[in-house]
Structures are given as structure tokens and as C-alpha cells.
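The exercises below are meant to be worked with the sequence and the 3D view side by side. Try each task before reading its solution.

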Amino acid sequence: MSTIGSSREQEVVAQVPKGLFVGGEWRDATGGGTLAVEDPSTGEALCEVADATPQDALACLDAAVAAQAEWAAVPPRERGEILRRAWEALMARQDELALLMTLEMGKPVAESSAEIAYAGEFLRWFAEEAVRIEGRWATAPNGGMRMLTMRQPVGPCLLITPWNFPMAMGTRKIGPAVAAGCTMVVKPAKQTPLSMLALAQILQESGLPAGVLNVFTSRSASRTTGPLIDDPRLRKLSFTGSTEVGRQLMAQASGHVLRVSMELGGNAPFLVFEDADLDAAVEGAMVAKMRNIGEACTAANRFHVHASVAGAFAERLAQRMGGLQLGRGSEDGVQVGPLIDDEQRDKVRELVQDALEKGARCVVGGPERIPGVPGHFFPPTVLTDVPDDARLLREEIFGPVAPITTFETEEEAIAAANRTEYGLVAYVFTRDLDRAIRVIERLETGMVGLNQGLVSNAAAPFGGVKQSGFGREGGAEGIDEYLSIKYAAIRAN
Ligand code: NAP
């Protein structure tokens, strides 16, 4: 049953191929199985897509393996031009793709539109990087030989992506893999397969040869990706998702010593010092907390604010967050969409209840259900006086909840920020340059936002340390994840 609202919504969903993309062709799953894609603002089905079997997943790998040698020999400029054309096509269709993303993921259309632009930037950036894959020529220190260093494609890759940024998490991997000359199998999250299927069609229309990109959708991730990870023909696994699943995949990948990149969970601290520009801090907090309805690995998970400004900061943040309009992401004026599913909403509610039971105070929002509203909505919530043992200071919230705690000294603030097994990103607000440098250098994270609440940019190396993973996506570094270094020792008399 389809509950899609307008005819425009029906049209954008109808346009997307719903099958598996294998060896340049769209086809049904073996046995014809399908899985439903849900609209999180209503909880009802939008459409069905193919439910791949393990056999279908292996057919994707077969196609990637068959295409690898020929694809690696395609001139870099040609590989880059395919990406550039795909970027242009993505931007030409930005509005319809944004609506499609909102329908399957829930965020407001303006945010989906921003994600399409962000996703496109990875295609554009790596179109430019494809022609800068360089090596080195050197004379050995004793003069007895020459040393030639080259960078070659790693080979067929498996790329697994999450639901929270349904397209950008794909292009962050597909862009560099295409640029490097790798073939690939992509498995998007089961909640949001439509954006990836639309992207595959765009890449196909942009001239990507058959077999370079293969995509399968499935209700069982482990059953379908397991055989690929166990297959020695696979040369690389790049995963974006939870730390828990990342750990399992790393264990599995050890069987064949498979090369892996892991973009995992976060627990970002947001530090506001007494000398901060409070307007900028509140503005930054709104972006760092509310982007993607709080369902971002980079979301500010906990606010550590100097005691002298904590009251004013909490009051102003609560005012801004409390004033946001909740609703279906495709409706005008909506600023906060639903969470992805019931499970996620229940988890956020449980974390808020735990904090309240332990003594936190709710300034705005709260765990009560919003009466008469069907989707998986949770109101923007600000909590103060959050005790150290509250679970939401340690666990990834993944929802629109801002817990605020206080500190007295810089030393205390840094210790609190680093008190986590995660290390993706931190935000720092201060007008003191010496302090900014000291704090940035001591934070145990892969990225820092100084006086701003957004770090994501295709031209920068995105990634974490500690249990937020390893490997970098974007920037000059991003393509290295898809290249192996080979060195030739050349005798020279
Ligand atoms: P998830 O449950 O770990 O799932 C991520 C992907 O892995 C999905 O495609 C999922 O497929 C698949 N998967 C799940 N279990 C698997 C298994 N046993 N074997 C193989 N694949 C498996 O994460 P999520 O809930 O979708 O995404 C949210 C998480 O992603 C958060 O922790 C967030 O911080 C993290 N994230 C990190 C970054 C980053 O760059 N560091 C960026 C975005 C998100 P199904 O959907 O079919 O289960």
C-alpha cells in the first residue's frame, strides 16, 4: 500500500529503479523477494525494492571482479570525466533527489537538498583527484639502484553505508573508488535504499562501464555481505555505521587479512569557554546538534559549558530548539523531521528518561509521546544538571537531545571531552587563540570544529580515532584508501 502524498512524491519514487544493479543491468532478486521501504513520518510503506539473496550478492562480486582489470586500465581523465558528468546530473536533479531522500529518511527537504550538494561534491572532488595519482622516483642512498614507487587500485571493494546520510555516505566511497580505478559492490542500509539506487542509475547514465558499480539491497545485511567478506577475490571493505557492527566486520575481515576502512560512531563533545562569543556558540550548537535531526555521527552529543555562562547558554539554546517546527520533511516550514524508526525513537526516549531519573532537569522537550502524531517523532530537548553517570553522556544519542554539563577549568573541560571511547569530532568555542591551539592539540578526535558547528567538507579528510574508526574520506587523503603502494627496485650501474 502506498501512502505517498502528492503526485510529485509518487512520481519521484516511481522513477527509481527498484531492482539489483548487477554488471550494468537491473534485475530482480533470485526468487523475486522484495522488502518494503517505509516513510518514517507516517510509518507506512513507500514502495518495495529487491531483497537480494547471498547468491545475488555473489553475482555482484563476480561482475566487479570481471570488470576490474579493464577498468583499472581506463585513463584517469576518462574516469574523472564520468564522475564530473555524474556530479552535473546530480545537481541538475537536486530537487527531485532531495524529495526522494526526505521520503525515505525523514529529514526536511532543505536538509536533503544540502546533502545532495554535499554528496555531489565528493564526485566533483574525486573527478579532480583521479588525474593526481602520482608515484616517486628516487636514487637509493648508496647509489646502487633506482626506486620507483607507484600507486595502483586495490581491486574490487565492498562498500557498506548507513541510513542517516543515504547518498553522501555512498559518494564519499564511490567517488574515490571510481577515481582510483577500483570496481565495487555497494550495499546501502535497508531503511534508505532509494537514494543509492537513484545514484547508481545516474552513474550508469554518466557512462560508468558495466560491472564497475554493482548495488544490492537486502533485508539481511550479514547473510549477504558475509560471503563477500569471506571471498578472497574481495580486496577492500569500507564501512560506515555503528562501532558495534564495525567490530564484527573487522573480526570477519581478519580471515583473509582484508584491507578495511571504518567510519564508526561518535560522541562529540561541544565545549563552550567563558570567553566564547555566545551568539556564535548557540548558532554552532544548533547546527552541530540539529543537523539531520541529531542523527549524525558528528552530532554534538554532550555540551560542556563553563559554569559562568552555562545558564545563559542553556536558556538561549532551549529557546531556539523549542521554537523549531516538527513535521513531515516534505512540508513547507518544517525544520525537524521524524527519527528513522520506532527503535531509534525508543532508544532516545530511554536515554532521556535515564538522565531525568538520575537528576537532570528538562528545560524544553522531554520524553512524553507527542499525542495524535503517527511517525517516529521526538521533540527537540534540552537537559541541564546532567549527572556524570547519565547514559547519554557516554552513549551515542542519535536524536535531537542536548544534555548540558558544566566545568570550571580548561583542564577539566579537556578531561571531560576525552572521557569516551569514541574520537570522531569535537567542537570548541573560545575567542582566545592560545587556548584554542592548546585545546585542539589535546583533544583525542580526528576532527575539530573551532567556533563553528560543522566540519564536513569534501576537500577535508573526514574520519576518527579511537573507537570511531580509522581511514579518511574526502580530501587529498581519501583516494589513498583505494590505492596500494608498489615499489620496484631497479638495478642501475
Ligand atoms: P549500522 O546498524 O551499523 O548499519 C550500517 C550499515 O551496516 C547498514 O547498511 C546495515 O545494513 C549494515 N549492517 C548492519 N549489520 C551488519 C552486519 N552484521 N554485517 C554487515 N553489514 C551490516 O548503523 P546505522 O544505524 O545504519 O547508522 C548509524 C551509525 O552510523 C551511527 O553509529 C553513526 O555514528 C554511524 N555513522 C558514522 C559515520 C562516520 O563517518 N564515522 C557517518 C555516518 C554514520 P542494514 O541497514 O540492512 O541493517
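Helices, as runs of at least four residues, and strands, as runs of at least two, are taken from DSSP and numbered from the N terminus. The model is a predicted one.

**Exercise 1. Two loop residues between E18 and E19**

Task: Locate Lys 466 and Ala 458, and decide for each whether it is buried, partly exposed or exposed.

Solution. Begin with the position of Lys 466, which falls in the loop between strand E18 (447–450) and strand E19 (469–470). Its relative accessible area is 36%, and because the partly exposed class lies between 20% and 50%, Lys 466 is partly exposed. The backbone deserves a second look, since phi of Lys 466 is near 50°, a positive value in a residue other than glycine.

Ala 458 also belongs to the loop between E18 and E19, but with 5% relative accessibility it counts as buried. Beyond the residues up to four places away in sequence, Ala 458 touches Tyr 118, Glu 121, Phe 122, Trp 125, Gly 474 and Gly 475. As a distance to check in the viewer, the C-alpha atoms of Ala 458 and Thr 102 are separated by 22 Å, with their positions 356 residues apart along the chain.

**Exercise 2. The sides of helix H1**

Task: Which residues of helix H1 are buried, and which exposed residues does the face turned away from them carry?

Solution. First list the buried residues of H1 (residues 7–15), which are Glu 9, Val 12 and Val 13. These residues cover an arc of only 95° around the axis, and therefore they sit on the same side of H1. Next turn to the face directed away from that buried side, where the exposed residues Ser 7 and Ala 14 are found. Finally, ask what lies over the buried residues: the cover includes strand E4 (44–50) and helix H4 (94–105).

Arg 8, likewise in helix H1, is a useful intermediate case, as its relative accessibility of 37% makes it partly exposed. With neighbours within four places in sequence set aside, Arg 8 is in contact with Asp 95, Glu 96 and Leu 99. The C-alpha atoms of Arg 8 and Leu 100 are 10.0 Å from each other, although these residues are 92 places apart along the chain.

**Exercise 3. The nonpolar cores**

Task: Which residues of the largest nonpolar core touch the most other members, and which helix gives the most to this core?

Solution. The largest nonpolar core has 112 residues, and those touching the most other members are Ile 174, Met 184, Leu 213, Phe 270, Phe 313 and Leu 392. Helix H7 (residues 193–205) gives the most to this core, contributing 8 residues. There is also a second, separate core of 25 residues, and among its members are Leu 20, Cys 60, Leu 237 and Met 262.

To follow one of the central residues in detail, select Leu 213, which, apart from residues up to four places away in sequence, touches Phe 21, Ile 174, Met 184, Val 186, Ala 200, Leu 203 and Leu 208.

**Exercise 4. The surroundings of the ligand**

Task: How many residues surround the ligand, and what polar atoms lie at 2.8 Å or 3.4 Å from its oxygen atoms?

Solution. The ligand is surrounded by 32 residues, of which the closest are Thr 161, Arg 172, Ser 242, Leu 264 and Glu 396. Taking the contacts one by one, an N or O atom in the side chain of Arg 172 is 2.8 Å from an oxygen atom of the ligand. Gly 241 takes part through its backbone, with an N or O atom 3.4 Å from a ligand oxygen, while Glu 263 has a polar side-chain atom 3.4 Å from an oxygen of the ligand. In terms of area, the protein covers 88% of the 900 Å² that is accessible on the ligand on its own.

**Exercise 5. A buried threonine**

Task: Where is Thr 381 found, and which backbone oxygen does its side chain reach?

Solution. Thr 381 is found in strand E15 (residues 381–384), and with a relative accessible area of 0% it is buried. Its side chain reaches the backbone oxygen of Pro 379 at 2.8 Å. Contacts of Thr 381 beyond four places in sequence include Met 321, Cys 362, Val 364 and Pro 400.

Methods:
Residues are numbered from 1 along each chain as its sequence is written. This is a predicted model: local features need pLDDT of at least 70, side-chain atom pairs count only at pLDDT 80 or more; totals for chains, interfaces and linings use all residues. Side-chain values use heavy atoms; hydrogens and water are left out. A nonpolar core is a set of buried Ala, Val, Leu, Ile, Met, Phe, Trp, Tyr and Cys residues joined through side-chain atoms within 4.5 Å. Buried means under 20% relative accessible area, exposed over 50%, partly exposed in between (1.4 Å probe, protein chains only). Contact means heavy atoms within 4.5 Å. The arc is that of the directions from the helix axis to the C-beta atoms. A residue is near a molecule or strand if one of its heavy atoms lies within 4 Å of it. A polar contact is a pair of N or O atoms within 3.5 Å; within protein, one must be able to donate a hydrogen and the other to accept it, and residues adjacent in sequence count only if both atoms are side-chain atoms. Accessible areas come from the Shrake-Rupley method with a 1.4 Å probe; for residues, only the protein chains shown count as cover.
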